[in-house]
Every structure is written in structure tokens, then in C-alpha cells.
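Me: Got a model open here and want to talk it through. Can you take my questions as they come?

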Amino acid sequence: METSHVRENPFAKLDIASLSASRAPTKPGYAMTGAAKTVVRSIEDLAENTKKLMEGEVIVELDPQSLDASSISDRLSDDGEEYQELKQAIQESGQSTPILVRPSSDGQRYTVVFGHRRLKVARELGIPVKAIVKKLDDIASAIAQGQENSARSNLSFIERAYFAQNLLATGLTKDVVRTSLAIDEAMLSKMLGVVEVVPAPVIKAVGAAKKIGRDKWLSLRQLVLTPALLRASTDRVANAEFLELSEDKRFDDLHDYLKRYKTKSDAKKPKATASAKEWVSRDSSLSFSMNAKSKKVAIELSNTEAKPFSDWLSSRMDQLYDEYRRSKPEDNGD
């Protein structure tokens, strides 16, 4: 292992895992009191210090085979044009920016905090990877990983949403996730709304979609809320023709396909009769439509709450029918 000497880091002795919460908090974006203020203040202080993690630290060269990837994935694809440019630059001029790693629990290996692509290049080129080793806890590591990606602006909207979902899956709080990605509550809600509705196989097949922003992903989310379009989306991304498309064309292909599919489906629907009724819940999670004839009524429930609501409804049919009978005027036998 070779090292290069640099000036002493003024933050090297700072225990970022146990920051003091005694200073006045920065504005978190919404009103909080008591313990919540202390938590967010500590997180924001921690975020500020992650910016200084790399300053003045000793850079070491590590065997790429001694490093493990972060358990929190933040990328949907790696081998695009940007990656190939990075690989060429490192091959020609060497690795100019070190990665950040933390010691693993076994004391023998390291876990990458950020710099996964630089590690991959080093492995492919068969060269040591330049790194800074820092002891970080899970929260500090997550914030450093997220803020590094935000600073470099090389994660797309869907990758940031995917990263947010993975952070939450590890048990980290939404406050940590918001700080890590430097976003507010509204943006986090939109991100999670997309990755919780659009099926994971669809997201992975579409890939990073670097040029596709929030609004288009929200539009796709709205489309797949319809069960027929949800099925159509999974069928489309499994199609060999779709998978042959370059990654930068996949999102638009899928979005346009679903819009055409919806138009055709709407055209095939019979015109609503005078007795047709429709209803949508306030949160848009349940749609109800009813077509009534003289002795036959067809009811359709759709969207995400359709199945659980139908189960709830079925279990209460006796009770509801009795209530209906009681609501009718009594038959006086006249």
C-alpha cells in the first residue's frame, strides 16, 4: 500500500457520529418541536461535515478486490457513454479523484461509500484504486453517498428515487433521506410515489433515463395506475424489440406505447348509457364504475385499492343489505 502525504486534516478528530445538537437549527422546511428538532439538527450538522470528509486526508492505494460495494444501490446502469469516458480518462491520465471507503466490521475489508464507478474501472484495468479511508456510521455513510452524487449531478430522477427507496428499506428515516439527497418533503413524496407504483422490472428495464425528469415519470406513474396499462407496461419491457433499443430511447418508447394503448382502449369502450355511474376516491386510489340494466348491474373496481376494498365489501354484504332493506319504506300491504 502506498500513501501520499498531505497536510493534517483539521476535521480528522471530529466524531461526526455523535454531533452536538446545542447550536441553533437551520430551517428544516417545516415546523417541528422537541426531539424532532434535535434529530434534524444533528442530521443537518452531519451533512455539513460530510462536505469536509475529503479535505486534508491521506490518500491510499487499495487492492480493488479488497473492497465491497455499498449495500445501498444508487444506480440503475453503469455502462453508458459517461462510464466509458471515465474509463478512458483514468486509463490515459490516472485516477484524479479518490473514492471514499469505510472499514468493514471484520477489519479486513472496506465498504465503498462513494466512487463505485471508479472502483469498477480500476478492477477492469487491473490497477489499484486511490481511496480515503474513514470510519463512518450508517447515517453518515448514507448522507455522504447521497450528497456526493447530488454534487456531481450524475444521478437521474429515477436513480435518485431508487436510492431514496433503498435508503428507507435499510431502516433510515425520511429526514436522513431528504438530507442525503438535498430535497424537501414534497419531492421525496413524488419520488416514492413513482417507485412504489411503477413496477421494479419496468424501472430496471428502462434504466437510468438520464434525460427524463420528474414530470415525465409522474405521467408514466399516472398511466400505470390503470390495471390494463400496468399489464401492458410489463409486457412491453419484456419484449425483445424494446430491449434492443438504446437506453436513452426506452422511456419515450414505453410512454408513447402506453398512451397509444390507452387511446385504443378508450375507443373500444362502449358509450356510457344513461344508467352508468362513476366514482373516484379523493386520493385516486379507488375507482368505481357501474352499468345498470333492468335486472343486471355490472360493477367494476379498479386502481391500487380495488382488491382490498372488494375484500372488505364482500365481508360486509349481509350487514349492508340489511341496512338497505331497513332504508326502504315499509310495505303496508295496500
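**Tyrosines and strands**

Reply: Tyr-321 is partly exposed, at 46% relative accessibility. Keep in mind that this is a predicted model.

Me: And what about Tyr-324, how exposed is that one?
Reply: Tyr-324 has a relative accessible area of 41%, so it counts as partly exposed.

Me: How are the rings of Tyr-321 and Tyr-324 placed?
Reply: Their centres are 5.7 Å apart and their planes meet at 40 degrees. That makes the pair tilted, because tilted covers angles that are neither under 30 nor over 60 degrees.

Me: Where do Tyr-321 and Tyr-324 sit in the chain?
Reply: Both are in helix H14, residues 317–327. They are 3 residues apart, about one helical turn. An α-helix has 3.6 residues a turn, so residues three or four places apart point the same way.

Me: How many aromatic pairs in total?
Reply: The count is 4. One of them is Tyr-257 with Tyr-261: centres 6.2 Å apart, planes at 45 degrees, so tilted.

Me: Which helix holds Tyr-257 and Tyr-261?
Reply: Helix H12, residues 247–268. The two are 4 residues apart there, about one turn.

Me: Are they buried, exposed or partly exposed?
Reply: Tyr-257 is partly exposed at 23% relative accessible area. Tyr-261 is partly exposed too, at 32%.

Me: Which charged residue sits over the ring of Tyr-257?
Reply: Arg-236. Its charged end lies 4.7 Å from the ring centre.

Me: Switching topic. What's the overall make-up in helices and strands?
Reply: The protein chain has 14 helices and 9 strands. It runs to 334 residues, and 37% of them are buried.

Me: What about surface and contacts?
Reply: The accessible surface is about 20500 Å², and carbon and sulfur atoms account for 50% of it. As for contacts with a separation of 6 or more, 70% are between residues 24 or more positions apart.

Me: Sheets next. What is the strand order in the open one with E7?
Reply: The order is E7-E8-E9, with antiparallel pairing. Strands E7 (277–280) and E9 (297–302) are the edges, each pairing on one side only. Neighbouring strands are turned by 10 degrees against each other on average, ignoring direction.

Me: How many bridges between E8 and E9?
Reply: There are 6, and the two strands run antiparallel. E8 covers residues 287–292. Ser-287 has Ser-302 in E9 as its bridge partner.

Me: What about Ser-285, where is that?
Reply: Ser-285 is in the loop between E7 and E8. It is buried, with 12% relative accessibility.

Me: Which residues does Ser-285 touch?
Reply: Leaving out residues up to four places away in sequence, Ser-285 touches Ser-302, Asn-303, Thr-304, Glu-305 and Ala-306. Ser-302 is also the bridge partner of Ser-287.

Me: Now E5. Is that strand mostly covered or uncovered?
Reply: Mostly covered: 5 of its 5 residues are buried. E5 spans residues 110–114.

Me: Which strands does E5 pair with?
Reply: Strand E3 (residues 67–68) pairs with E5 in the parallel sense over 2 bridges. Strand E4 (residues 99–103) is joined to E5 by 4 bridges and runs antiparallel to it.

Me: Which residues face Thr-111 in E5?
Reply: Asp-68 stands opposite Thr-111. Arg-102 also stands opposite Thr-111.

Me: What links E4 to E5?
Reply: They form a hairpin with 6 residues between them. In the turn, Gly-107 has a positive phi of about 75 degrees.

Me: Any other glycine worth a look?
Reply: Gly-126 comes just after H3 and takes a positive phi of about 70 degrees. In helix H3 itself, residues 116–125, the buried residues include Arg-117 and Arg-118.

Me: Last one. How do the side chains run along E2?
Reply: They alternate. Val-60 and Leu-62 point to one face and are buried. Ile-59 and Glu-61 point to the other face and are not buried.

Me: What does E2 pair with?
Reply: Strand E6, residues 129–133, in the antiparallel sense over 3 bridges. Glu-61 stands opposite Lys-130 in E6.

Note on methods:
Residues are numbered from 1 along each chain as its sequence is written. This is a predicted model: local features need pLDDT of at least 70, side-chain atom pairs count only at pLDDT 80 or more; totals for chains, interfaces and linings use all residues. Side-chain values use heavy atoms; hydrogens and water are left out. Rings of Phe, Tyr and Trp (its six-membered ring) pair if their centres lie within 6.5 Å; planes under 30 degrees apart count as stacked, over 60 as edge-to-face and the rest as tilted. Buried means under 20% relative accessible area, exposed over 50%, partly exposed in between (1.4 Å probe, protein chains only). A charge sits over a ring if NZ of Lys or CZ of Arg is within 6 Å of the ring centre and within 35 degrees of the ring normal. Contact means heavy atoms within 4.5 Å. Accessible areas come from the Shrake-Rupley method with a 1.4 Å probe; for residues, only the protein chains shown count as cover. Two strands pair if DSSP finds at least two bridges between them. Axes are lines fitted to C-alpha atoms, for helices over the stretch in contact, and angles run from 0 to 180 degrees between N-to-C directions.
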